[in-house]
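Please report on how this structure is put together. Cover its cores, its sheets and any unusual backbone spots.

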Amino acid sequence: MSAPPIPEIERILFTEEQIERRIREVADEISERYRHGDLKLVGVLKGAVFFLTALARAIRIPVKIDFLSISSFSTRPAAPGVVRIAKDLDESIEGEDVLLVEDIVDTGFTARYLLQTLAARGPNSLAICTLLDRTPRRIVQVPVEFRCFEIPDRFVIGFGLDYKQFYRNLGYIAVIKPDWEQRGFNL
Amino acid sequence: MGLITVTGAPGARHEETARLIAQRLGFELISETRLAALIEEEFAPAGSLPERVYPELMTSIVARLATQHHLVVSADGAELALPEFPGLLRVYIVAPESRRVGVLMVEHRLDRPAARELLHKLEAEEKLRRRRRFGRGLRRMENFDLVINTERLEPEEAAEIVAAAATNRGIIEQGLLSPAAEAHLQFQVRLKLSRYGIAPAGKLTLKPRRFSHPSEEIFANLLDFYRVAWEYEPRTFPLQWDKHGNVIESFTPDFYLPQFDLYVELTTMKQSLVTKKNRKIKLLRQIYPDINIQVFYQKDFENLIFKYGLTRPPANPPSRPASGGARSSTPEPAASTTR
């Protein structure tokens with residue numbers, strides 16, 4: 001493998017070719033599983049956008065798409081708040097076969113909240129498809145029906161995954177160097 | 001005093017709504033599991049007491065706690081067991097069956113037909129239990145002050161409505177339950193319980209939730225954010241006994257997550273102490289093989305709190321520094337839609 005194109009990257013975990021091949025395999029499984037269904041892919045903004053579009057293109061059955069996003073944790077002690085839908089789906093999912101498309105599942109907190117919220121809206125079925133599954137971090141067990149890759153407990157970027165909102169647009173997935181933070185990474 | 005009862009049918013997400021109300025108003029939450037633990041502490045394990053004294057047990061526990069805290073009680077039948085309390089607001093959460101089936105699908109990882117079957121089973125069990133405890137299987141809507149349908153309202157919207165109703169009625173301004181009122185209630189309860197030969201120990205207090213390490217508070221906040229129910233140090237497990245049967249070593253995990261039947265131990269200590277704790281956890285797993293416990297080591301925890309933007313990574317990190325996740329890794333107070 002050639003040297004990483006960005007110096008702060010320790011190594012490339014999955015190349016574009018590996019990702020593309022694996023997405024095609026998972027898309028085949030999904031196409032088979034839902035061949036008699038009414039499939040809707042629900043992407044979680046922003047990280048899942050890249051994965052969802054690649055996955056949707058590789059799926060061989062008719063498919064609808066929709067997006068939502070959730071609020072994130074605040075450090076302000078006065079307003080700890082609770083997780084909520086920041087941008088809701090545009091359309092109802094009642095009676096549809098919903099596949100929640102995630103970039104990464106780690107603690108399981110977000111996935112569980114989303115599953116609970118969506119399940120209450122009367123879909124015919126509900127499942128999770130994730131690009132990356134970081135099981136060492138799991139606190140809450142959630143069923144993950146489709147996963148492209150399991151990854152170790154490291155900070156990864158690329159293919160939708162960010163560092164301070166950057167690097168989502170990398171075509172590959174990479175592990176950053178452990179001392180990246182200490183170098184005062186600035187963009 | 002402020003006493004809000006929040007109940008609902010299986011799958012109506014009333015426990016979650018109750019938790020949000022308690023958070024919003026700063027009330028103490030008494031969930032079904034917490035109430036059971038308190039009853040066990042004050043009287044005896046639930047299975048060993050006759051079902052028909054349950055209303056009195058609940059009244060006794062709530063009366064004691066209500067002298068010290070404003071309360072949200074999320075235990076079935078609370079609206080019947082506690083009618084004499086001043087400042088009472090009784091809330092019932094309803095949701096259409098299809099929604100409740102959906103909730104059970106996720107919580108029990110079932111398909112729709114199995115979840116529907118489970119729902120009907122839970123409803124039948126609940127009805128039977130209510131009949132044994134309160135002499136009445138069905139709920140009557142006139143026993144509630146507020147009935148909220150969550151078909152279109154999210155739990156936080158329901159919580160907001162309840163908080164507004166509580167504020168409007170001025171239940172907090174009424175103050176806590178007076179000792180005289182508590183004594184009166186306890187007298188009535190004891191009279192009834194004495195017929196069954198049951199005497200309360202009278203030792204009940206809520207342990208103040210004083211976290212012994214800042215990381216525990218952060219973890220609790222994180223659980224709150226994700227609406228995960230938790231209890232702090234609710235149970236101590238004896239690990240070693242002397243020849244007289246006295247406990248000489250025990251272990252108290254930091255958190256219990258009742259929805260997942262999972263204990264969580266945060267280990268943010270020196271390596272020498274970690275070794276000692278690991279030995280205890282190993283022992284715990286041997287003696288109590290049915291207990292699920294997950295250990296979070298300092299490294300894991302730093303990763304987690306950095307990931308959620310709770311703190312900056314340490315200035316002199318260990319060999320493997322804060323490697324966050326890739327959802328929202330901004331170490332600043334949250335942007336609203338990052339992931």
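The report below starts with the nonpolar cores, moves through sheets and a helix, and ends with the backbone. The model is predicted.

**Nonpolar cores**

In soluble globular proteins, nonpolar side chains tend to be buried together. Here, the largest nonpolar core holds 40 residues. Leu118(A) and Phe255(B) have the most contacts inside this core. Both chains feed it. Chain A supplies at least two residues from each of S2 (39–44), S3 (64–70), S5 (97–105), H3 (109–119) and S6 (125–133). Chain B does so from each of H9 (214–225), S9 (255–257) and S10 (262–267). The largest share, 7 residues, comes from H3(A). Another core of 35 residues lies apart from this one. Its members include Leu13(A), Ile23(A), Leu55(A) and Ala127(A).

**The sheet of chain A**

Strands of a sheet pair through backbone hydrogen bonds, either parallel or antiparallel. Chain A has an open sheet of 6 strands in the order S4-S3-S2-S5-S6-S7, with mixed pairing. S4 (85–87) and S7 (146–150) of chain A are at the edges. Each has a single partner strand, so one side of each is left without a neighbour in the sheet. From one strand to the next, the twist averages 30°.

At the S4(A) edge, S3(A) and S4(A) pair in the antiparallel sense over 2 bridges. Ile70(A) stands opposite Ile85(A) of S4(A). Two helices pack on this sheet. H1 (residues 16–33) of chain A touches S2, S5, S6 and S7 of chain A. Its direction makes about 160° with that of S7(A). H3(A) touches S2, S3, S4, S5 and S6 of chain A. The direction of H3(A) makes about 165° with that of S5(A).

**A sheet of chain B**

In chain B, an open sheet of 4 strands runs in the order S6-S9-S10-S11, again with mixed pairing. S6 (231–232) and S11 (292–297) of chain B are the edge strands, and each pairs on one side only. S6(B) and S9(B) run antiparallel, joined by 2 bridges. Glu231(B) stands opposite Tyr256(B) in S9(B). H9(B) packs on this sheet and touches S6, S9 and S10 of chain B. The direction of H9(B) makes about 15° with that of S9(B).

**An enclosed strand: S1(B)**

Is S1(B) (residues 3–8) buried or exposed? 6 of its 6 residues are buried, so the strand is largely enclosed by the rest of the structure. Both faces are covered. Leu3(B), Thr5(B) and Thr7(B) are buried on one side, and Ile4(B), Val6(B) and Gly8(B) on the other.

The table gives two pairings of S1(B).

| Partner strand | Sense | Bridges |
|---|---|---|
| S4(B), residues 88–94 | parallel | 6 bridges |
| S3(B), residues 71–74 | parallel | 3 bridges |

Thr5(B) takes part in both pairings. Its bridge partner in S4(B) is Arg90(B). In S3(B), Val73(B) stands opposite Thr5(B).

**A two-sided helix: H8(B)**

H8(B) covers residues 179–194, which makes 16 residues. At 1.5 Å a residue, this helix should span 22 Å. Its end C-alpha atoms are 21 Å apart, which agrees.

Which residues of H8(B) are buried? They are Glu182(B), Leu185(B), Gln186(B), Val189(B) and Leu193(B). These cover an arc of only 100° around the axis, which puts them on the same side of H8(B). An α-helix has 3.6 residues a turn, so residues three or four places apart point the same way. Ala180(B) and Phe187(B), on the other side of H8(B), are exposed. What covers the buried residues of H8(B) includes H3 (54–66) of chain B.

**Backbone spots to check**

Most residues other than glycine have a negative phi, and most peptide bonds are trans. Three spots depart from this pattern.

The peptide bond from Leu45(A) to Lys46(A) is cis, with omega near 0°. Lys46(A) is in the loop between S2 and H2 (49–58) of chain A.

Lys164(A) is not a glycine, yet has a positive phi of about 50°. It sits in the loop between S8 (156–157) and S9 (173–176) of chain A. Lys164(A) is partly exposed, with a relative accessible area of 32%.

Arg109(B), also not a glycine, has a positive phi of about 50°. The loop that holds Arg109(B) lies between H5 (97–107) and H6 (112–134) of chain B. At 48% relative accessibility, Arg109(B) counts as partly exposed.

Conventions
Residues numbered from 1 in each chain as written. Chains lettered and ligands numbered in written order. Predicted model: local features only at pLDDT ≥ 70, side-chain atom pairs only at ≥ 80, totals over all residues. Heavy atoms only, no water. Core = buried A, V, L, I, M, F, W, Y, C linked by side-chain atoms within 4.5 Å. Buried < 20%, exposed > 50% of the residue type's maximum accessible area, 1.4 Å probe, protein only. Expected span 1.5 Å × (residues − 1). Arc of directions from axis to C-beta. Contact = heavy atoms within 4.5 Å. Pairing = 2+ DSSP bridges. Axes fitted to C-alpha atoms, helices over the stretch in contact; angles between N-to-C directions.
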